[in-house]
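Hi everyone, thanks for coming. Please have a look at the model on the screen, and then I'll walk you through the place where the ligand sits.

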Amino acid sequence: MRLIDHFVVGGSGGSAARLGDVFNPSTGQVQAQVPLGDKALLDRAVATAQAAQVKWAATNPQRRARVLFKFKELIEQNMQSLAELLASEHGKVVDDAKGDIQRGLEVVEFCCAIPHMLKGEYTQGAGPGIDVYSLRAPLGVGAGITPFNFPAMIPMWMFAPAVAVGNTFILKPSERDPSVPNRLAELFLEAGAPEGVLQVVHGDKEMVDAILDHPGIAAVSFVGSSDIAHYVYSRGVAAGKRVQAMGGAKNHAIVMPDADMDQTVNEIMGAAYGSAGERCMALPVAVPVGDETADILREKLVAAIDKLKVGVSHDPEAQYGPVVTALHKQRVEDWIQTGVDEGAELVVDGRGFSLQGYEDGFFVGPSLFDHVHTEMRAYKEEIFGPVLQIVRAKTFEEAVELPSRHQYGNGVAIFTRNGHAAREFVQRVQVGMVGVNVPIPVPVAYHSFGGWKRSAFSDHNQYGMEGVRFWTKVKTVTQRWPDGGAGDSAFIIPTMG
Ligand code: NAD
């Protein structure tokens with residue numbers, strides 16, 4: 001059996017006490033195993049990262065940026081093989097895997113301008129003979145704990161800004177698709193990064209706890225489900241670390257009666273079923289306003305679902321592939337049953353979907369519910385599968401309230417031709433990322449990513465200037481040079497009065 005090892009300086013040090021299975025979700029077969037690391041391995045990685053950090057931080061920012069430039073070039077050269085590797089462990093189709101890599105790469109591109117972003121502030125003559133300047137210093141060793149659903153993009157959201165500003169970084173990716181994170185670390189080394197600047201440790205809760213408690217790690221960035229995000233946030237902060245922790249989602253698509261219905265249906269189909277619904281910015285809830293809008297939307301969705309092509313991840317014709325594990329397939333199908341039991345109307349049932357030749361693959365067909373109500377558990381919780389729920393709203397007011405009152409507040413979209421309604425919606429909705437006729441409003445790399453409510457436990461968003469701020473601390477210097485005149489001692493606090 002192929003072993004996907006840790007990527008730490010000096011090697012992993014031999015056999016692991018525990019191993020995790022890595023599946024090929026299209027075939028359902030175990031294709032490799034990954035060691036589930038422990039505190040001893042982390043101790044070694046942290047010691048290496050601490051030693052490397054001093055020199056890396058002292059490297060001028062243009063030189064650090066040059067490593068990122070080269071890294072970008074290497075990823076572009078390796079795009080196809082990275083995407084195939086990613087798809088083979090995650091299950092998303094290869095073109096979608098390229099998108100996963102590209103969105104991370106765009107954060108790397110942004111970070112190539114790090115010398116400019118670290119320039120700091122300066123005030124000449126803040127007092128008599130006194131100048132004040134502030135600079136952004138790295139934190140030391142940072143760590144990232146990432147989910148299975150974007151094994152390229154989310155690690156790059158984290159480590160690109162973290163290392164660009166002069167930290168060293170330890171990545172603990174999802175144990176379900178660990179190969180691409182390793183490959184990224186290899187390419188980063190090939191791009192000229194010194195050893196120890198970026199390391200990858202594999203593992204599960206044991207490794208996560210070791211990271212959260214480790215005194216040598218200054219900051220932790222987490223992305224995953226909300227209960228674990230909250231746990232990571234609380235435990236990491238209690239250990240005195242800076243922590244950002246992004247959680248789950250249940251994003252709504254509001255459909256106004258004046259929306260361009262064909263375009264809206266196309267957008268919702270891609271956002272609800274793309275990547276088998278395993279995106280934190282998927283659109284699993286459609287909220288048509290008025291029964292007439294709901295009936296038209298439902299009819300068009302059913303017709304579009306009929307044409308959807310589900311297939312293996314390397315099928316270029318497939319629009320989405322299998323979900324990540326058999327356990328996850330079971331969970332999604334259980335949620336469909338919960339929806340039925342709670343009284344929602346199951347218009348299209350994706351359970352029992354089987355692909356010829358791949359009968360053991362983890363496929364779930366597209367499902368559609370209508371007449372879903374807010375008190376149903378199937379509405380309140382994240383399903384994270386190819387399941388779209390229609391919640392009918394009578395009025396615009398009701399439509400604004402639904403995502404605003406939901407426990408999650410990651411993304412939301414409104415489809416309308418009415419600028420005034422869209423503007424009102426943008427102002428009032430209690431959600432972190434909003435799309436206007438844009439189904440998946442993941443902000444570009446020079447803005448930043450972050451939800452509200454139980455979708456994020458943090459003061460800082462991911463990437464953009466928010467990322468630079470998260471991975472640095474401010475030092476402010478107040479300086480005066482002796483001018484020969486010895487003044488008196490001052491026993492009152494100095495003021496500018
Ligand atoms: P997950 O929470 O199961 O795992 C995330 C990470 O936490 C993994 O590295 C995993 O090893 C670790 N982990 C798992 N159980 C743990 C435990 N008990 N204690 C400590 N660590 C643990 O999430 P997932 O299934 O890999 O990813 C899907 C989830 O991530 C969904 O809820 C999705 O909405 C969310 N997500 C959120 C965003 C965002 O930016 N808000 C982006 C992508 C995914």
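A word on domains before we start: their bounds come from an automatic or database domain assignment. With that in mind, the shell around the ligand takes at least three residues from each of domain 1 (2-247 + 455-477) and domain 2 (252-436).

This is a predicted model, where local features need pLDDT of at least 70, side-chain atom pairs count only at pLDDT 80 or more, and totals for chains, interfaces and linings use all residues. Residues are numbered from 1 along each chain as its sequence is written, and side-chain values use heavy atoms, leaving out hydrogens and water.

So who is around the ligand? A residue is near if one of its heavy atoms lies within 4 Å. Of the 30 residues there, K172, E175, S225, G247 and E382 come nearest.

Now the polar contacts, meaning pairs of N or O atoms within 3.5 Å. S225 offers a side-chain N or O atom 2.6 Å from an oxygen atom of the ligand. The backbone takes part too: a polar backbone atom of T146 is 2.8 Å from a ligand oxygen, and a backbone N or O atom of F148 lies 3.0 Å from one. Taken alone, the ligand exposes 840 Å², and the protein buries 89% of that, with areas from the Shrake-Rupley method and a 1.4 Å probe.

Conventions: Polar contact = N/O pair within 3.5 Å; in protein donor to acceptor, adjacent residues only side chain to side chain.
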